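The following paragraphs lead the reader through one protein chain, moving from a local strand arrangement to the wider fold. Please keep the sequence and the model in view while reading.

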Amino acid sequence: MQLEKIQFSEDIPLLITIKSINRYPIHWHEDITEIILPLKGSVDIVTDFEKNTIDEGEFWFVNNSSIHRIESSTNSIVAFFYIDLEYFKDSFKYIKYMFFRSNPYSKGKIDQSNHIIDKDHKIRFRNILVSTLSNYQNYKKESVFPEEVRERLLNKLVYAMVYEFNWLQFIERKDSFISSVHLDRYHRIMKYVDEHYSEKITLDDIISMEYITKTYFSHFWKEISSFSFQERINYERVIKSVKMLFLDITITDISDRCGFSDPKYYYKNFKKWFGCMPLEFKSQCEEYTNKGYNYETMAFKDVDYIIEDYLKKYFEIYFNKDADSEATNIINHYANIRYLHLLDKDGDPKIPKYTNINILGEYCFDLNDDGFEFNWHNVDVLINLALDIDFIPNIVIDNSNVNPGYVLEAVTAFANRCIEYYGIKEVSNWNFYINYSNLLKYDDIDHISKELSSRIKDIKISYFFKY
């Protein structure tokens with residue numbers, strides 16, 4: 001069992017490696033979240049006490065300091081994404097203490113029947129991983145990873161981790177929304193537990209630190225966690241104890257160092273999570289280690305075809321039979337478009353390239369009994385495709401088939417969401433084209449322009465006629 005150190009480049013808080021895996025050593029990382037993406041085949045992962053099989057097309061988070069090992073009976077090809085949490089702590093203060101999951105946990109196995117995590121979230125996140133891998137592949141070939149591309153992809157990756165794959169999202173509660181205030185409080189408390197697990201931690205310590213009452217804390221904790229506060233503390237203590245099992249110290253010393261008042265409580269809590277006693281677990285790890293290892297780190301140039309095949313197979317999107325044919329064509333040929341663009345060395349770089357995205361088309365927008373809704377998954381995929389191949393999005397606002405009462409509200413919702421998700425700097429680069437050919441259905445078209453201009457400084461707006 002060992003600490004595996006990851007060496008990041010000075011200005012890139014991301015490292016991606018490709019490995020052929022049969023048996024990988026038991027290890028852990030400090031201040032790093034690792035994402036495992038099988039490109040060919042499947043892998044069995046043991047993370048702390050949890051055992052799961054991750055198939056091709058799925059992904060898995062290995063959290064900060066989690067002890068894990070990886071096996072495959074078919075020498076699977078796997079992409080490993082290592083994310084430097086230290087780099088993102090200014091944006092997400094407690095990111096080192098966050099716990100990310102891609103599936104619910106139930107009785108030692110992934111609970112596929114639980115649909116708390118939206119399938120679209122998982123598809124979108126996998127698309128981001130694929131796009132990041134594709135750009136990183138090009139970076140390894142040409143030593144070029146444009147800062148704006150890198151920042152955009154990494155920010156989206158980490159944003160999705162924090163807001164869509166935080167394990168708290170898997171807990172059933174009356175109110176599915178968790179405010180940022182409550183999230184920060186929870187992670188602040190877990191930071192305190194992480195720093196004081198070897199000491200006696202009381203409820204008085206927490207309410208004093210948070211300036212709240214016991215009644216308030218009790219209500220807060222019940223709503224945000226599926227474990228009691230003491231169970232959560234003891235879980236952290238047990239996890240901390242695992243590395244100590246391989247030091248030359250006694251179980252009594254380990255129990256004391258981890259804050260248990262008596263070894264019997266240590267045994268009880270260890271078995272609760274690991275299903276065995278501490279020395280049994282140690283013996284299992286030693287048995288695994290004694291069998292030896294079998295893995296190979298592969299060069300990106302040697303797995304080009306595997307990455308391209310994976311991209312074509314899993315860059316997924318839902319299609320509508322009435323979807324914009326141009327958008328469908330872009331998706332279907334995404335891999336070819338991207339690689340063709342990279343090979344286009346003779347093209348004039350001064351000539352800008354554009355992609356039209358009709359945000360009110362059936363592909364991105366739907367009218368229903370409650371008004372309207374955007375298919376944000378499809379919107380994001382189209383925008384990400386454009387940005388990934390260095391095209392400028394032309395946002396087309398065509399109200400031909402939309403109730404005029406919804407247009408302004410829809411455009412406002414689109415602008416607000418894109419500014420939040422992509423950032424005002426990025427959105428300011430886009431062009432906005434407003435259909436001016438149906439004035440009978442929308443008498444005051446300038447309202448759209450004014451609404452957009454109030455949100456996006458120096459916005460580029462044009463009107464068009466459609467024949």
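Which residue in strand 7 does isoleucine 45 stand opposite? In this predicted model, the residue opposite isoleucine 45 in strand 7 is isoleucine 70. That pair belongs to an antiparallel arrangement in which four bridges join strand 4 to strand 7, the latter comprising residues 68-84. Isoleucine 45 also stands opposite asparagine 52, a residue of strand 5. Strand 4 and strand 5 run antiparallel as well, and five bridges join them. A further bridge partnership between these strands links valine 43 to isoleucine 54 of strand 5.

The connection between strand 4 and strand 5 is a hairpin with two residues between the strands, where aspartate 48 adopts a positive phi near 55°. Before this turn lies threonine 47, which is part of strand 4 (residues 43-47). Threonine 47 has a relative accessible area of 10% and is therefore buried, since the term applies to values under 20%. Beyond its neighbours within four places in sequence, threonine 47 has contacts with Trp60, Val62, Ser66, Ile67 and His68. The burial extends to the strand as a whole: four of the five residues of strand 4 are buried, so the rest of the structure largely encloses this strand.

Strand 5 presents another pattern. In a regular strand, side chains alternate between the two faces of the sheet. Along strand 5, Glu50, Asn52 and Ile54 point to one face and are buried, whereas Lys51 and Thr53 point to the other and are not. Asparagine 52, which is found in strand 5 (residues 50-54), has a relative accessibility of 8% and so counts as buried. What does the side chain of asparagine 52 make a polar contact with? The partner is the side chain of glutamate 50, at 2.8 Å. Glu50 and Asn52 thus combine this contact with side chains that point to one face, where both are buried.

Attention now turns to a helical region. Helix 4 spans residues 180-196 and contains 17 residues; the distance from its first C-alpha to its last is 24 Å, close to the 24 Å expected at 1.5 Å a residue. The buried residues of helix 4 are Leu183, Arg185, Tyr186, His187, Ile189, Met190, Tyr192, Val193 and His196. Because an α-helix has 3.6 residues a turn, residues three or four places apart point the same way. The buried residues of helix 4 pack against three other helices, namely helix 5 (203-210), helix 6 (214-224) and helix 7 (229-244).

A parallel sheet occurs later in the chain. Four strands form this open sheet in the order 11-14-15-16, with parallel pairing. Its edges are strand 11 (354-358) and strand 16 (460-464), each of which pairs on one side only. From one strand to the next, the twist averages 25°. Strand 11 pairs with strand 14 (residues 392-397) in the parallel sense over five bridges, and asparagine 358 stands opposite valine 396 of strand 14. Helix 17 (residues 446-455) lies across strand 14, strand 15 (431-435) and strand 16, and runs at about 165° to strand 16.

Serine 400 lies in the loop between strand 14 and helix 15 (404-422). Is serine 400 buried or exposed? With a relative accessible area of 18%, serine 400 is buried. Serine 400 and asparagine 435 are 35 residues apart in sequence, while their C-alpha atoms are 7.9 Å apart in space.

These regions can be placed within the whole chain. The chain has 17 helices and 16 strands, and 51% of its 467 residues count as buried. Among contacts with a separation of 6 or more, 76% come from residues 24 or more positions apart.

Finally, the confidence of the prediction should be considered. The average pLDDT of the chain is 83, and 85% of the residues score at least 70. Over residues 318-328 the pLDDT is below 50, and in the model this stretch has 18 contacts beyond near neighbours in sequence. Residues 106-116 likewise have a pLDDT under 50, with 16 contacts in the model beyond four places in sequence.

Conventions: Residues numbered from 1 in each chain as written. Predicted model: local features only at pLDDT ≥ 70, side-chain atom pairs only at ≥ 80, totals over all residues. Heavy atoms only, no water. Buried < 20%, exposed > 50% of the residue type's maximum accessible area, 1.4 Å probe, protein only. Polar contact = N/O pair within 3.5 Å; in protein donor to acceptor, adjacent residues only side chain to side chain. Expected span 1.5 Å × (residues − 1). Contact = heavy atoms within 4.5 Å. pLDDT = per-residue confidence, 0-100. Pairing = 2+ DSSP bridges. Axes fitted to C-alpha atoms, helices over the stretch in contact; angles between N-to-C directions.
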